[in-house]
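Please examine the structure shown below and work through the exercises that follow it.

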Amino acid sequence: MSHVFHRNPAHRYPTVVRGEGVYLFDEDGKRYLDGSSGAAVSCLGHSDPEVIAAIKAQVEKLAFAHTSFFTNEPMEALADELVAHAPAGISKAFFVSSGSEAIEAALKLARQYYLEIGQPQRRHVVARRQSYHGNTLGALATGGNLWRRRQFDPLLIGVSHVSPCYAYRGKQAGESDEAYGARLAAELVAEIQRLGPDTVIAFVAETVVGATLGAATPVPGYFKAIREICDQYGILLILDEVMCGMGRTGSLYACEQEGVVPDLVAIAKGLGAGYQPIGALLSSQRIFDAVVAGSGFFQHGHTYVGHAVACAAALAVQRALRERDLVRQVAGLGAGLERRLRERFGEHPHVGEIRGRGLLWALELVEDRATKKPFDPKRRLSARIKASALDHGLLCYPMAGTLDGVNGDHVLLAPPFIVTEAQLDELTEKLARAVEETLGEG
Ligand SMILES: Cc1ncc(COP(=O)(O)O)c(C=O)c1O
């Protein structure tokens, strides 16, 4: 009997023992194609020799030294690397160990910024429904994922939530993308007005919504309108690119494709590609300057901030992305994945929408395509598709609650950037088998 407190103690998890390229192997030698990079993490696959060598070299030199005493070489080099390729205006990196920690740091730095510049009355955060920003209490409160939040509600700070940009269901009949984006922007303005414009700290959003809505891309112009509103009211724009950043959508930062620069951006997953746990909060010079000119220090931190081995791994990952031109390849491979998904599922009676960007795609499943009626949640479609895919040797990332935390199902796909065309065929075939078998079983 296992003494591990597993996520789901009733479930029997296969034991994974080895990774090779885009494949994972369990103790029985069964092979799994990692069609979701776990949860959009393993962008370089599972056995990258350069990243492994960088980790070994760093451990042999220095594993850990607390950042209240020292800086370290890989942390400095990683910050240089990230800032050199970050959106204009982003000039500092604060390192943490996860996406949730990056969001916590963003919330605290945003609040501290307003104290530093003499606006202590600012205390409200606005985010969006059907978003996920992490599982620590501040990040969970910011997220709008009802299912994840519900039971912890009494412990959560008050964050208001406006509508996500989710064109498939949010756009009204006959409404243009432009009008839809403008309507959402007006909703944000109304919420800022309701709270009191000089009391709001920040607006937080995933540039492309990952797990909760399933690769929901914003309509053109939406984020430009949001950026203007933030500027107009002196509010910080915090983008969560924990899942969609670091090349996943075909540009290093997803916001590059929206033509906006956030004040703070959270990254994780693809930063270290799973070789080490690492996240980062990237900050604009303006926020950094305010802290330096004010109290002089960021009142935050964890023991493993700037961990030398984690930074060395992430540095090797980021250099690999750049030197191997992988982010540009994501766009090409993404087009191949999209084509396959449209060929296989485009006319499927239970696939309502195929959406995504780069190598982040999702199928939204519906009972009825015409009315977009979701399946009865009692059918537990997402969980069953995940299990069936695993049986067939495929990792994909199905989620329930697409519409409102309870109703709706989607399957998220996010293969490693090193995936081949033949492996995309394998992914699509295995996914189709899992979807058909699950739907066929009722
Ligand atoms: C958009 C987004 N933000 C934050 C997080 C939290 O990251 P972590 O699980 O590393 O704490 C996730 C994780 O899935 C995520 O997808």
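Three exercises with worked solutions follow, all based on a predicted model.

**Exercise 1.** Determine how many disulfides there are, and explain the result for Cys165.

*Solution.* Step 1: the criterion is a pair of cysteine sulfur atoms within 2.5 Å. Step 2: for Cys165, the closest cysteine sulfur belongs to Cys244 and is 13 Å away, so the two are too far apart for a bond. Step 3: Cys244 is likewise in no disulfide, as its nearest cysteine sulfur, in Cys255, is 8.2 Å away. Step 4: the count is zero disulfides. As to surroundings, Cys165 is buried with a relative accessible area of 2%, and Cys244 is buried with 1%.

**Exercise 2.** Identify the side chain with which the side chain of Glu116 makes a polar contact, and state which side chain of opposite charge is nearest.

*Solution.* Step 1: locate Glu116 in helix H4, residues 99-116. Step 2: Glu116 is buried. Step 3: a salt bridge requires a distance within 4 Å; the nearest side chain of opposite charge, Arg111, is 10 Å away, and Glu116 has no salt bridge. Step 4: the side chain of Glu116 makes a polar contact of 2.8 Å with that of Gln112. Step 5: beyond four places in sequence, Glu116 contacts Ala290, Val291, Gly294, Ser295 and Phe297.

**Exercise 3.** Establish which residues touch the most other members of the largest nonpolar core.

*Solution.* Step 1: this core has 96 residues, and Phe203 and Leu431 touch the most other members. Step 2: helix H11, residues 308-323, gives the most to this core, with ten residues. Step 3: among residues more than four places away in sequence, Leu431 touches Leu341, Phe345, Leu363, Leu394, Cys396, Val411 and Leu413. Step 4: apart from this core lies another, of 33 residues, including Ile103 and Leu140.

Definitions and conventions:
Residues are numbered from 1 along each chain as its sequence is written. This is a predicted model: local features need pLDDT of at least 70, side-chain atom pairs count only at pLDDT 80 or more; totals for chains, interfaces and linings use all residues. Side-chain values use heavy atoms; hydrogens and water are left out. Buried means under 20% relative accessible area, exposed over 50%, partly exposed in between (1.4 Å probe, protein chains only). Helices (H or I, at least four residues) and strands (E, at least two) are DSSP runs, numbered from the N terminus. Lys and Arg count as positive and Asp and Glu as negative; His and the chain ends are not counted. A polar contact is a pair of N or O atoms within 3.5 Å; within protein, one must be able to donate a hydrogen and the other to accept it, and residues adjacent in sequence count only if both atoms are side-chain atoms. Contact means heavy atoms within 4.5 Å. A nonpolar core is a set of buried Ala, Val, Leu, Ile, Met, Phe, Trp, Tyr and Cys residues joined through side-chain atoms within 4.5 Å.
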